[in-house]
Amino acid sequence: EKLKLNASLRLDYNTEFDPKLNPRVAAVYTLANNHNIRASYQNGWRFPALFEALSYVNNGNVRRVGGLPKVNEGLGYLENSYTLTSIDNFNAAVNTDVAGGLTANEAALKNRDLLVVANLPEIQPEHINAFEIGYKSVLADNKLALDLDVYYNTYEGFLGQVEVAVPKSGAVGTDASVIDMLSANRSKQDRYRVFTNARNTYKSYGSAFGAVYNFFKKFTIGANVSFNDISANKEKDVFITAFNTPRWVTNVSFANREIARNIGFNVIWRWQDAFLWESPLANGTVPAYSTVDAQVNVRIPRLKTTVKVGGANLLNQRYIQYAAGPTLGGLYY
């Protein structure tokens with residue numbers, strides 16, 4: 001009567017990869033009336049999308065390519081390439097030495113250790129292990145509802161893109177390949193933007209708390225707040241994994257579903273803090289912003305109709321949601 005258990009097992013199959021099992025177990029325990037504790041574990045896989053696995057698109061001087069070995073055949077970007085980040089560092093050092101009197105080739109060979117061989121793995125599905133515990137209760141003669149949740153996730157094989165260059169004059173590590181990486185020898189490099197897996201394991205965690213209180217007749221006030229973060233890794237990865245999530249987000253609402261016969265309303269204030277946005281398009285800080293949404297509902301029973309009038313971002317506070325994204329204003333309906 002107090003403990004409910006649930007378990008499931010799913011099998012996912014993609015012809016390019018081995019079959020993957022997705023187990024899930026969950027439990028809900030009732031401590032007393034209206035006091036419930038829940039816990040769950042689930043395992044998940046995400047197979048690379050067609051574009052991530054099989055693409056071959058020429059974007060000018062850089063080809064965007066999938067991470068499957070069948071795409072890599074004859075091109076060598078997985079095993080025979082240098083990372084673009086290291087090439088930029090290499091050329092900065094070369095320019096300094098050339099300014100000091102060395103020839104470009106001499107400076108290139110002197111700074112060859114700055115070039116990092118990409119050595120990219122064949123693409124694999126993303127994998128997540130997710131753990132969650134929570135508490136839910138209804139108190140004060142069913143007028144106050146509380147919900148608390150805490151989670152912890154580990155990600156392996158996170159998918160992203162890394163830009164590399166394949167030397168045309170020789171295999172990576174040779175003198176010829178090093179000289180090919182000079183800025184002046186751009187025509188001796190084949191540039192690729194490769195979909196591949198992150199090397200590090202990433203751990204994200206967070207919590208959410210929500211409460212709704214029916215304080216007078218049908219008037220309710222509600223609030224929720226969530227916190228989300230990711231642990232930093234000591235070792236740099238082959239690409240930026242772009243968590244792109246604000247640490248704090250909150251909503252506060254005030255509503256009455258029937259303040260008068262067939263008329264209801266809801267007002268919500270939303271806020272999120274500033275966070276760093278990272279992507280191949282642009283990196284930058286998304287400033288904190290807040291908005292007010294409101295809506296009035298009028299039911300017309302005779303016509304079996306509900307008319308809704310309202311606005312999202314009612315006060316027209318201009319904000320952006322991601323770096324290099326559009327500025328958003330109010331929406332009224």
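**Aromatic contacts, sheets and pockets in the predicted model**

Phe219 is buried, its relative accessible area being 18%, in a model that is predicted. That value falls below the 20% under which a residue counts as buried. A helpful place to begin is the set of rings around this residue. Across the structure, 15 aromatic pairs are found. In one of them, the ring centres of Phe215 and Phe219 are 6.1 Å apart and the ring planes meet at 40°, so this pair is classed as tilted. Phe215 has a relative accessibility of 36% and therefore counts as partly exposed, whereas its partner Phe219 is buried at 18%. Both residues belong to a cluster, linked through ring pairs, that also takes in Phe216, Phe254 and Phe265. A contact of another kind is made at Trp45, where Lys20 lies over the face of the ring, at 4.4 Å from its centre.

Turning to the strands, an open sheet is built from 5 of them, arranged in the order β4-β5-β10-β9-β6 with mixed pairing. The edges are taken by β4 (56–59) and β6 (82–83); each has a single partner strand, so one side of each is left without a neighbour in the sheet. For β6, the partner is β9 (residues 159–167), and the two run antiparallel, paired over 2 bridges. Within this pairing, Thr83 is set opposite Val164 of β9.

Strand β1 (residues 3–12) offers another antiparallel example, being joined to β2 (residues 20–32) by 10 bridges. Here Ser8 faces Arg24 of β2 across the pairing. Of the 10 residues in β1, the number buried is 1, so this strand lies largely in the open. In a regular strand, side chains alternate between the two faces of the sheet.

Attention can now move to the open spaces of the model. The largest pocket encloses about 1300 Å³. Its lining comprises 47 residues, and those nearest the pocket centre are Phe239, Ile240, Thr241, Ala242 and Glu278. Two or more lining residues come from each of α3 (84–99), β9, β10 (189–197), β12 (219–230) and β15 (275–277). Two of these contributors, β9 and β10, are also members of the open sheet described above. Sorted by class, the lining of the largest pocket holds 22 nonpolar, 14 polar and 11 charged residues.

The second largest pocket has a volume of about 180 Å³. It is lined by 16 residues, among which Arg270, Tyr289, Thr291, Tyr319 and Gln321 are closest to the centre. At least two lining residues are supplied by each of β13 (248–260), β14 (263–272) and β17 (289–300). The class make-up of this second lining is 7 nonpolar, 7 polar and 2 charged residues.

Helix α3, one of the elements that contribute to the lining of the largest pocket, also contains Phe90. With a relative accessibility of 0%, Phe90 counts as buried. Its C-alpha atom is separated by 6.4 Å from that of Asn111, a residue 21 positions away along the chain.

Terms used:
Residues are numbered from 1 along each chain as its sequence is written. This is a predicted model: local features need pLDDT of at least 70, side-chain atom pairs count only at pLDDT 80 or more; totals for chains, interfaces and linings use all residues. Side-chain values use heavy atoms; hydrogens and water are left out. Rings of Phe, Tyr and Trp (its six-membered ring) pair if their centres lie within 6.5 Å; planes under 30 degrees apart count as stacked, over 60 as edge-to-face and the rest as tilted. Buried means under 20% relative accessible area, exposed over 50%, partly exposed in between (1.4 Å probe, protein chains only). A charge sits over a ring if NZ of Lys or CZ of Arg is within 6 Å of the ring centre and within 35 degrees of the ring normal. Two strands pair if DSSP finds at least two bridges between them. Helices (H or I, at least four residues) and strands (E, at least two) are DSSP runs, numbered from the N terminus. On a 1 Å grid over the protein atoms alone, a cavity is a set of points where a 1.4 Å probe fits but cannot get out, and a pocket is an open set with protein on both sides within 12 Å along at least five of seven lines; lining residues have an atom within 4 Å of a point. Grid points are joined across faces, edges and corners, and a volume is the space filled by probe spheres set on the points. Ala, Val, Leu, Ile, Met, Phe, Trp, Tyr, Cys and Pro count as nonpolar, Asp, Glu, Lys and Arg as charged, and the others, Gly among them, as polar.
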